[in-house]
Amino acid sequence: MRKPKADSKSSHKNRENFVQNLFGDIPELSFRGNREVIIEGSRGVVEYSENVIRINTSIGVVCFLGRNLNLVCISPTELIINGFITKVEFVL
Amino acid sequence: MLEIFRWLQGYVCFKICGKFPERFINIVTKAGIAIWNTKRTDGELCACMYVRDYRKIRHLAKKSRVKLKIVKKAGSPFFVRKYKNRVGVLFGVAVFSLVIFIMSNFVWTINITGLQTISEAQVRRVLCDNGLYIGTYIPSQSFKTISRDTMLELDDIGWMSINVIDSHASVEIKEKAKSPKVDNYHQPANVKAERDGLILKINVHEGEGLFNSGSAVVKDQMLVSSVVEDKLGGVTLVRANAEVIAQTHREMIFSVDKNETRYVYDEPKDRYKFNILGLKIPFSLTFADDSEHILCYKTESLSLFDTVLPLSLQTQTLYNRTPLNKVINKQEAEDILFKKASLYEAFDLSDCLVVDRKAQFSQTDTQYFLKMSYTCEEDIAYQQDINVDNADIERRDAKPKDNSQ
């Protein structure tokens, strides 16, 4: 007997679960030099100033220090920080 | 693109004042509201948001205990609201956009490059017949077909391409390179007399000369033979070549009618036509009479910053003329006929040296005549090819070899 075909929504969910299981829900940080960083898997902004931006993630708070830091784009799970980043700290 | 999209939807830039603006940002993003360009300056947080979302976030601001203050409003909803009472402006913008959109579908200008011997007017006429003219509706035309048809019609075009960029048609043409006339030096030929004459000087470059200076020859008589006999009795065919200067005699009769028709021209009248994309709108009520007339056209195109616009003013100058019969007297006839004779000498006898000329004037009931007799010195030699088989030529080429053996 042929198996019923899974609908596209459920297959997408399965794929997401697979990725989460693989990396253990770890946030992903992509840097472009020290001028821009894309954070995937954020859980909200803890602090936002010109010199410090703290982002809450599943592994703890990630702190970006630098000058003229801006939050260019924000979505519930992703955000882009722009500016001159001098230091990144992980507060676990 | 994103900027245009945001402008079309309309957005506001606002300040977030309060103790924890970060909390407000988190709540807003979790509610699925897009927020961008967040900047922290002097203890205040600025951000941008779509207008439709801004109306929804009041309760979220209350919840996070912050106050919002609009700094800037931008986008089409505000623009429309601003000019709500000036419908004419909006209508004008709409009409302008529509006109630009419609007009961009027509050819405004045609530029032709690469012409050397073919006239531009001829190319324009053929292009017009095939469908490319000022005012052509671009989507309805296949410019490859027009290019192919034009090349078929004008044989002298070797290659052509029509490129339509916006409303400007650029026609690039390369004319055919004509192959040069190659003289066949291997083809044997005799030298013959082009006309009757008395030989004054003969210089034989190649071949066997048959006449000396002082000999009289008639037209098409052979002057230099292509058959050359060597000392051993062998015969060779060559391409005879010679310069034969002879004294020749020419006669020419010029005539003019006693009653000549001349035209009297009236005061010229101008007619104007306004040309928009090939549509001609007349501007004056001057019409040509039933009498004979001549029309002269002059077109002036309107251009803006070196861009020729599809608007032009055509001025037609109308010359009405009435024919008048004039009786020519003998003196006038002589003047006219001697002018004709001078022109004949200048153009038709340009290769000859006119040694002597005699004029004889006569008349009948209807015409005057001038009979001119010229004594000239000219080169009367011309080459006439002899048809021989290739085998004969090969034999001729091989002959010196045989002799050497």
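## Chain A and its burial

What percentage of the 92 residues in chain A is made up of buried residues? In this predicted model, buried residues account for 16% of the 92 residues of chain A. The chain contains one helix and six strands, and, read from the N terminus, its elements follow the order α-β-β-β-β-β-β. Among the contacts of chain A with a separation of 6 or more, 35% are between residues that lie 24 or more positions apart.

## Where the two chains meet

The contact between the chains draws on 14 residues from chain A and eleven residues from chain B. On the side of chain B that touches chain A, the elements giving two or more residues are helix 2 (21-30) and strand 2 (35-41) of chain B, and the residues of that side divide into four nonpolar, three polar and four charged.

Strand 2 of chain B also pairs with a strand of the other chain, since strand 5 (residues 60-74) of chain A runs antiparallel to strand 2 of chain B, with three bridges between them. Within this pairing, L71(A) has T38(B) as its bridge partner. Strands of a sheet pair through backbone hydrogen bonds, whether parallel or antiparallel.

The loop between helix 2 and strand 2 of chain B holds A31(B). Because A31(B) has 12 C-beta neighbours inside 10 Å, and a residue with 12 or fewer is classed as exposed, A31(B) counts as exposed. Although A31(B) and I57(B) are 26 residues apart in sequence, their C-alpha atoms are 9.3 Å apart in space.

## Nonpolar cores

The largest nonpolar core has 25 residues, and of these I53(A) and I81(A) touch the most other members. Both chains contribute to this core: the elements that give two or more residues are strand 3 (42-48), strand 4 (52-57), strand 5 and strand 6 (78-91) of chain A, together with strand 1 (11-18), helix 2 and strand 3 (44-50) of chain B. Strand 5 of chain A gives the most, with five residues. In soluble globular proteins, nonpolar side chains tend to be buried together.

If its neighbours within four places in sequence are left aside, I53(A) is in contact with E47(A), Y48(A), F64(A), L69(A), L71(A) and I81(A). Of these contacts, L71(A) is also the residue whose bridge partner in strand 2 of chain B is T38(B). Apart from the largest core lies another, of 14 residues, which includes W108(B), I110(B), V123(B) and V171(B).

## An open helix and a three-stranded sheet in chain B

Helix 6 (residues 87-103) of chain B has 17 residues and spans 24 Å from its first C-alpha to its last, close to the 24 Å expected at 1.5 Å a residue. The number of buried residues among those 17 is zero, so helix 6 of chain B lies largely in the open.

Chain B also has an open sheet of three strands in the order 5-7-6, with mixed pairing. Its edge strands, each of which pairs on one side only, are strand 5 (109-113) and strand 6 (157-165) of chain B, and the twist from one strand to the next averages 15°. Strand 6 and strand 7 (residues 168-175) of chain B are joined in the antiparallel sense by eight bridges, with M160(B) opposite I173(B) in strand 7 of chain B.

## The five-stranded sheet and a hairpin in chain B

An open sheet of five strands in chain B has the order 11-9-15-22-21 and antiparallel pairing. Strand 11 (216-217) and strand 21 (353-363) of chain B are its edge strands, each pairing on one side only. Strand 21 runs antiparallel to strand 22 (residues 367-379) of chain B through ten bridges, and the bridge partner of Q360(B) in strand 22 of chain B is K371(B). Helix 9 (residues 330-347) of chain B lies across strand 15 (241-257), strand 21 and strand 22 of chain B, and runs at about 155° to strand 15 of chain B.

Strand 17 (residues 269-276) of chain B pairs antiparallel with strand 20 (residues 307-327) of chain B over eight bridges, where K273(B) stands opposite Q314(B). Strand 17 of chain B also pairs antiparallel with strand 18 (residues 279-282) of chain B, over four bridges, and here I276(B) has L279(B) as its bridge partner. Strands 17 and 18 of chain B form a hairpin with two residues between them, and in its turn L277(B) has a positive phi of about 50°.

Methods:
Residues numbered from 1 in each chain as written. Chains lettered and ligands numbered in written order. Predicted model: local features only at pLDDT ≥ 70, side-chain atom pairs only at ≥ 80, totals over all residues. Contact = placed C-beta atoms within 7 Å. Nonpolar A, V, L, I, M, F, W, Y, C, P; charged D, E, K, R; others polar. Pairing = 2+ DSSP bridges. Expected span 1.5 Å × (residues − 1). Buried ≥ 20, exposed ≤ 12 C-beta atoms within 10 Å, placed from the backbone. Axes fitted to C-alpha atoms, helices over the stretch in contact; angles between N-to-C directions. Core = buried A, V, L, I, M, F, W, Y, C linked by C-beta atoms within 7 Å.
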